[in-house]
Amino acid sequence: MAKSIKASEQQHLDYVVDKIRIEETKQSETIERSENDQADIKQNFYNDVNIKTDSYEGMMETGLSVRQQQQMLDERQNSWQHATKQLSTLKKLEKNAYFARLDFHEAGEPATETIYIGLSSFSDSPDHFLIYDWRAPISSIYYDGGLGHVTYQTPDGLQSVDVQLKRQLMIEDGTIVTVYDTDEAVGDSMLLEVLDEKSDVKMKSIVTTIQKEQNTIIRDTSSDLLFVQGAAGSGKTSSVLQRVAYLLYRYRGNLNAGQVILFSPNQLFNDYINQVLPELGEQNMVQMTYFQYASYRLPHMQVETLQQRFETENTPTMAKITKLEGSLAFFNAVTTYGRHLESADMRFRNIMLNKEVLIPRDKIKEIYYSFNENYHLGNRLSATKEELIKILNRKVAAEMRTKWVEEAVQDLSKEELNDMYGNQPREFKNGDEEFRFLARKIVMQRLGTARTQIVRNRFLSINMQYAHFLHEVPAILDLDKYGISKDDWEQAVEAKLAAIKERHISLTTVSAYMYLHDLMTGKKGQRDIRFVFLDEIQDYNAFQLAFLKFSFPNARFTMLGDLNQAIFTKENSHTLIGELETLFDPEKTRVVQLTKSYRSTQQITDFTKEILVNGEAVTAFDRQGDLPNMAVTDNFEQAVDQVVKQLATNNSDHDTTAIIGKTLAESEQLTEALQARGIHVTLIRTENQRLAPGLIVVPSFLAKGLEFDAVIVWNANADNYQREDERQLLYTICSRAMHELTVIAIGQLSPLLTRVKPELYTINETTV
Ligand SMILES: Nc1ncnc2c1ncn2[C@@H]1O[C@H](COP(=O)(O)OP(=O)(O)OP(=O)(O)O)[C@@H](O)[C@H]1O
């Protein structure tokens, strides 16, 4: 029976593949035709263009005929591009046409309908779909429900159908490999097969096995804020990438990939995920880290790197100050201060020319505050600039009449004159007019730098202003409430300002600095961005979120995170949720929780979740593997031996291994020791490196969001993982493993691991 199902499905597949091939031929012909046409047009371009330059009409005619030829070229180019894209989709479909079949009956319709779902849609005639795109409304029933009565959302509202068959098909190179009939949403057996696969240096798409809760995330179009709390490995990142593909499909024509931004934890991660959308036939969205965003906006500042941030030890006072700076209260304090600047305290710099004051700061201040209170910071600044330009122009007029200008005009060489006239026609009514033209040019050149200072807002000083703001903070906020004394604050302010003077700025400080700058200059954010995704939200603070909301005022936000993995914000992460509630309309906020972890085997998930105390819910997916394995050694050399031994086991299982050290220094030390033993290993030092295939050593703060077949946690001893706030870091590292997890410690095992029940791991006795 099963064989005959497979055979008849193969027959259907062959039929579809034949149709795909016919379409491929058509598209190839279109490509060839447009290439030939383009070549012809280019070759004959000058024959077909009538070049006449002797009269105005002739030039117009030439222009028109060039344009005509150009338009013809553009049309051919467009049709070439379209056909090339189609052909590449068809080639993919030819190999793997679809992954599911649904038979259903729609109320009121006479017959049962059968549809096939694949990576993109394909029809052999208008309205005759042989394959439905996985993002089409009807495809939703494949992900959302089992057999029987199922509803799905269409642009016209809810539709309901009676699903009679759900079949999952695995196709390889045009051949059906397996067929499962299932009565669940997406059958576990197919998922198990997918999850058993080995990891890769690039993340893969999950469209064939999207889970029901993941599907709600992917297809949400109504929330302003979609907040996803998901356990490690529960598919947050995967869902977000499929969601981007979904949105690009859903809003095709009105949304392009450049209007979607994903903020990700580090550059390594960007690299890891950048194949998923192209694999789905879509362009990648804009991807960046917060660090890159800040560095791009402040090119003259050195923003603190991930490593610096991770390795900075905070004193208790500094921790309190960091907490304050990251709070919504601090964001509101900047806003309040901005409003105050509308009436007083804006700092200005003189406009200078050749080391002399051209327009003094007091004058600028007088102009700035001469406008009435309806002028907010943005238009106050524009109006001031307008006035300053007027002053400058008056100075130009006065200067033009001076002796030195007259002399300069007379001394102009022929080349200089040519330069000054540029492309302008030399038609002057008289010598006076020509003199004025040249004199103006000369003076403008001289005053050009002053104009630049005005146009580029150089008469404002963000540094002075920020310093003033920081000194004002005790008057705006009650520091006592945050356990910070005035002295401590002043001391911290001095340190911050000294660093800023040296052009260094910490990741916590940079947001307030950028926000104040935007307020001062009246920037209202990037209005063209429609969707913003923030991954690993637990590493952001409320200030950053409020600032991003301000910076992308027309965007809908999707935030994903795992409060169990707050490796930077540590214990502050839990207050984040409460603060978010005040930023977004609760009516338009949707919270989804993903608890099932798909990445790791049941044994690894059961082990890692024991590390947490009062953690968010995590449940294991039923995929079986070996128990994690721990080894505590007496010294460094023995520990390295242990790594070498484990690597041999992992290699024989064809698992690629990542060794995760706590700091960069420790990772370096281990890499050298392994290399000395002839082991080929790549150390990932910075987030700007590429993920190399094969064995890698990576410091903990760069392992965020990544996954590997096998993980060896390097030196989880009591020195490295001791404090409560290191618990989440250890959890994050261990949860990177898909199939094998090994923990090695030198000396005494971390107390954070001693609470894991002994039956959940094996101990490597040889070295204990
Ligand atoms: N529905 C699914 N079908 C197949 N694989 C899935 C599915 N959901 C998740 N996975 C796999 O589980 C692994 C973890 O997914 P992902 O990295 O998206 O999780 P995450 O929640 O972002 O994890 P973390 O917070 O730990 O970084 C990936 O290998 C992903 O392909």
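This tour visits three places in a predicted model: the surroundings of the ligand, a pair of packed helices, and a loop residue.

**The ligand**

Begin by selecting the ligand together with the 23 residues around it. Of these residues, Ala232, Gly235, Lys236, Thr237 and Ser238 come nearest to the ligand. Next, colour helix 4 (188-195) and helix 6 (236-250), the elements that give two or more residues to this shell. Colouring the shell by residue class then shows 11 polar residues, seven nonpolar residues and five charged residues around the ligand.

**Two packed helices**

Now select residues 403-410, which form helix 15, and residues 431-455, which form helix 17. The axes of these two helices lie 9 Å apart, and the packing angle is about 110°. Because angles of 65 to 115 degrees count as roughly perpendicular, helix 15 and helix 17 are described as roughly perpendicular to each other.

To view the contact itself, display the side chains of Val405, Ala408 and Val409 on helix 15. On helix 17, display Phe435, Leu438, Ala439, Ile442 and Val443. The residues of this contact comprise eight nonpolar, no polar and no charged.

**A loop residue**

Finally, select Lys481, which is placed in the loop between helix 18 (462-476) and helix 19 (486-501). Is Lys481 buried or exposed? Lys481 has 9 C-beta neighbours inside 10 Å and therefore counts as exposed, the limit for that class being 12 or fewer. Add Leu324 to the selection: its C-alpha lies 10.0 Å from that of Lys481, although the two residues are 157 residues apart in sequence.

Methods:
Residues numbered from 1 in each chain as written. Predicted model: local features only at pLDDT ≥ 70, side-chain atom pairs only at ≥ 80, totals over all residues. Near = placed C-beta within 6 Å. Helix = DSSP H or I, 4+ residues; strand = E, 2+ residues; numbered from the N terminus. Nonpolar A, V, L, I, M, F, W, Y, C, P; charged D, E, K, R; others polar. Buried ≥ 20, exposed ≤ 12 C-beta atoms within 10 Å, placed from the backbone. Axes fitted to C-alpha atoms, helices over the stretch in contact; angles between N-to-C directions. Parallel < 35°, antiparallel > 145°, perpendicular 65-115°, else oblique. Contact = placed C-beta atoms within 7 Å.
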